[in-house]
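Please open the model in a viewer and keep the selection panel at hand. The stops below are meant to be followed in order.

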Amino acid sequence: MKVSGPVSAGFAPALVQWQRRDGRHGLPWQGTRDPYRVWLSEIMLQQTQVSTVLGYYPRFLDRFPDVHALAAASEDEVMSMWSGLGYYSRARNLHRCARTVVSEHGGSFPATSSVLATLPGIGDSTAAAIAAFCHGERVSIADGNVRRVLSRLLAFEGDLSQARAQRELWQLAQSLLPEHPSADDMVAYTQGLMDLGAGVCTLRQPACERCPVAGLCEARRSNTTDRFPVKTKRVARRHESWWLLVLRKTEAGQLSIWLERRPPRGIWAGLHCVPVAGDDAQALVVAGDHAGAARHLPALAHALTHRELRLHPVLVDLVPGAAEPATTNGRWVPMEQLSDVGLPAPVRSLLQQLPG
DNA sequence: CACTCGTGGTT
DNA sequence: TAACCAAGAGT
């Protein structure tokens, strides 16, 4: 699967030149070839917008300045720093990857994309990004930006909701790489693909008048940019109601919340959370003999990729000397220490604005 | 391969 | 506003 004609010859040079003049250069993870910093940014940026990562990356880097610091940390420390960023398997794999790099690679990240892709949490696209940015390897990233830019450039008709078409397009991406790039060329080219997708070749209303390769673009020529990328399948989102039992107690002037650890698989796996029940009655069973004091707070909606959650908080203040909650593997966490615990975003939000 | 996994922004 | 999706990977 290759691209021929003027597109293959002109695309990469035009993109590289454009990126150097008009692309982004001031992001916190740019201007370095430190694999740790590049790797961390790429993991955080998976399915996550730049504006969101900007609020996490500097703090995370400050707390874990290098791969050794991250490897030495506990998983709970890592999860607390990741809390709110979502897709928490990324954080667990990040931690595992740091420990693997230290224990099996002498503390240095592998230099090639193929070896990088064997590490936890690093797939083909992330491996390519790290290798291109840090070592100038001639390999293409394969993210959403690339799929959109190239599917328009080539008027690629494959259905990108299918894995086979994605692989096919990735092969085309490989054939569009600069022919004999320097390391700096690969940095500019890789960044250029993302910058073009993020700021010019956008999902809706692409700014073709600002596009450096508009003259090569088949979708532009045929005025069909809105048909690409082709995706047929839709996300099926089912609705569920969850009851969140907020158990609260005061001991020695210390206000605490009862938190459990979520199961190792599924939604919010491994995070801390208030007890979750499938209905109101189950929540009150967990609350035990204090259910009478339960206060039902207004429900809040929380959308995940495949589910639409309706969360029903039930607040119970335990009296001094009351029996422990009827749950296992839970513990009391003082309100002041919630910032040190990995919590789902809606749960953290809920606990921060409880009524007195 | 199809499915699962968070959260926030955009239209 | 419900739908779509963003620097994807693991199972």
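The tour begins with the whole protein chain, then visits two helices and the two DNA strands.

**Stop 1: chain A**

Select chain A first, bearing in mind that the model is predicted. Chain A contains 15 helices and 8 strands. Its C-alpha trace extends over about 80 × 45 × 30 Å along the principal axes. Of its 356 residues, 49% count as buried. Consider next the contacts between residues at least 6 apart in sequence: 68% of these join residues at least 24 apart.

**Stop 2: helix 7**

Select residues 89-104, which form helix 7. These 16 residues reach 21 Å from the first C-alpha to the last, close to the 22 Å expected at 1.5 Å a residue. Display the side chains and colour the buried positions: Arg90, Ala91, Arg92, Leu94, His95, Cys97, Ala98, Thr100 and Val101. Which helices do the buried residues of helix 7 pack against? Adding helix 2 (35-44), helix 4 (57-63), helix 5 (67-72) and helix 6 (75-82) to the view shows the partners. Just after helix 7, select Gly106, whose phi is positive at about 65 degrees.

**Stop 3: helix 11**

Move to residues 163-175, the 13 residues of helix 11. From first C-alpha to last, helix 11 reaches 19 Å, close to the expected 18 Å. Its buried residues are Ala165, Leu169, Leu172, Ala173 and Ser175. These lie on the same side of helix 11 because they cover an arc of only 160 degrees around the axis. On the other side, Arg164 and Arg167 are exposed. Show helix 10 (144-153) as well, since the buried residues of helix 11 pack against it.

**Stop 4: DNA strand B**

Arg167 leads on to DNA strand B, as it is among the closest of the 24 residues surrounding that strand, together with Trp268, His302, Ala303 and Thr305. Of the strand B atoms that come within 4 Å of the protein, sugar and phosphate account for 55%. Helix 11, strand 6 (300-303) and helix 15 (345-352) each supply at least two residues of this surface. By class, the surface has 11 nonpolar, 9 polar and 4 charged residues.

Three individual atom pairs can be displayed here:

- Thr48: an N or O atom of the side chain is 3.1 Å from a base nitrogen of DNA strand B.
- Tyr88: a backbone N or O atom lies 2.7 Å from a phosphate oxygen of DNA strand B.
- Arg307: a polar side-chain atom is 3.1 Å from a phosphate oxygen of DNA strand B.

**Stop 5: DNA strand C**

Finally, select DNA strand C and the 26 residues around it. Which of these residues come nearest? They are Trp29, Leu45, Gly121, Thr126 and Asn145. Sugar and phosphate make up 61% of the strand C atoms that come within 4 Å of the protein. Helix 10, the packing partner of helix 11, supplies at least two residues of the surface near DNA strand C, as do helix 9 (124-135) and helix 12 (183-199). That surface has 8 nonpolar, 11 polar and 7 charged residues.

Again, three atom pairs merit display:

- Arg24: a polar side-chain atom lies 3.1 Å from a base nitrogen of DNA strand C.
- Trp29: an N or O atom in the side chain is 2.7 Å from a base nitrogen of DNA strand C.
- Gly121: a polar backbone atom is 2.4 Å from a phosphate oxygen of DNA strand C.

Definitions and conventions: Residues numbered from 1 in each chain as written. Chains lettered and ligands numbered in written order. Predicted model: local features only at pLDDT ≥ 70, side-chain atom pairs only at ≥ 80, totals over all residues. Heavy atoms only, no water. Helix = DSSP H or I, 4+ residues; strand = E, 2+ residues; numbered from the N terminus. Expected span 1.5 Å × (residues − 1). Buried < 20%, exposed > 50% of the residue type's maximum accessible area, 1.4 Å probe, protein only. Arc of directions from axis to C-beta. Contact = heavy atoms within 4.5 Å. Near = heavy atom within 4 Å. Polar contact = N/O pair within 3.5 Å; in protein donor to acceptor, adjacent residues only side chain to side chain. Nonpolar A, V, L, I, M, F, W, Y, C, P; charged D, E, K, R; others polar.
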